[in-house]
Amino acid sequence: MTPPDDCAVTPGPASLLVHRHDERTNALRNTLVRGRLTRADDGWLPAPEKVLEPMGSGRPSDAIRGLRRTQRATDRYLERRGLSGPPVQWDRFRALVAPAARSGPVPTENVPRSPHR
């Protein structure tokens, strides 16, 4: 693996988050791969040690549980550092959602599925 020149890389613990979803960011699936990053002759070599699926099986209840767990972890992180969360620009999010909401649901029959599920 060869990262961009403007990306500082050091050997040691590393993680890679991979995900897929449909055109409307529905049917989100993600996996976190943890391991170590080592220097190789032709770049960097990731050595996976553990695979985690943070969002569970893809059911809505798993996604909600994962989001709640992430929110609690974020709150603890900010509290330990005496920080407050950044302001959310809800007007920008609403502007992004409005056109998609008017167009109706996106067909999912051609969304690629993982060969492992």
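Mentor: Residues under 20% relative accessible area are called buried, those over 50% exposed, and those in between partly exposed (1.4 Å probe, protein chains only). The model is predicted, so that local features need pLDDT of at least 70 and side-chain atom pairs pLDDT 80 or more, while totals for chains, interfaces and linings use all residues. Residues are numbered from 1 along each chain as its sequence is written, and side-chain values use heavy atoms, without hydrogens and water.

Trainee: Is T2 buried or exposed?

Mentor: T2 belongs to the segment before β1 (12-20), and its C-alpha lies 7.8 Å from that of D42, although 40 residues separate T2 and D42 in sequence. Because its relative accessible area is 66%, T2 is classed as exposed.

Trainee: In which order do the helices and strands follow one another along the protein chain?

Mentor: The elements are DSSP runs, helices being H or I of at least four residues and strands E of at least two, numbered from the N terminus. The protein chain contains 3 strands together with 2 helices. Read along the sequence, they give the pattern β-β-β-α-α.

Trainee: Where does G66 lie, and is G66 buried or exposed?

Mentor: G66 is found in helix α1, which covers residues 60-80. Its C-alpha is 10.0 Å from that of E53, a residue 13 positions away along the chain. Because the relative accessible area of G66 is 3%, this residue in helix α1 counts as buried.

Trainee: What percentage of the residues in the protein chain is buried?

Mentor: G66 is one of the buried residues. The percentage refers to the 117 residues of the protein chain, of which the buried ones make up 14%.

Trainee: How is the aromatic pair of W90 and F93 classed by the angle between its planes?

Mentor: Searching the whole structure yields 1 aromatic pair, and in this pair the ring centres of W90 and F93 are 5.8 Å apart, with 50 degrees between the planes. Rings of Phe, Tyr and Trp (its six-membered ring) pair if their centres lie within 6.5 Å, and planes under 30 degrees apart count as stacked, over 60 as edge-to-face and the rest as tilted. The pair of W90 and F93 is therefore classed as tilted.

Trainee: Which helix holds both W90 and F93?

Mentor: F93 is partly exposed, because its relative accessibility is 46%. W90 and F93 are 3 residues apart, about one turn of the helix, and both lie within residues 90-103, that is, in helix α2.
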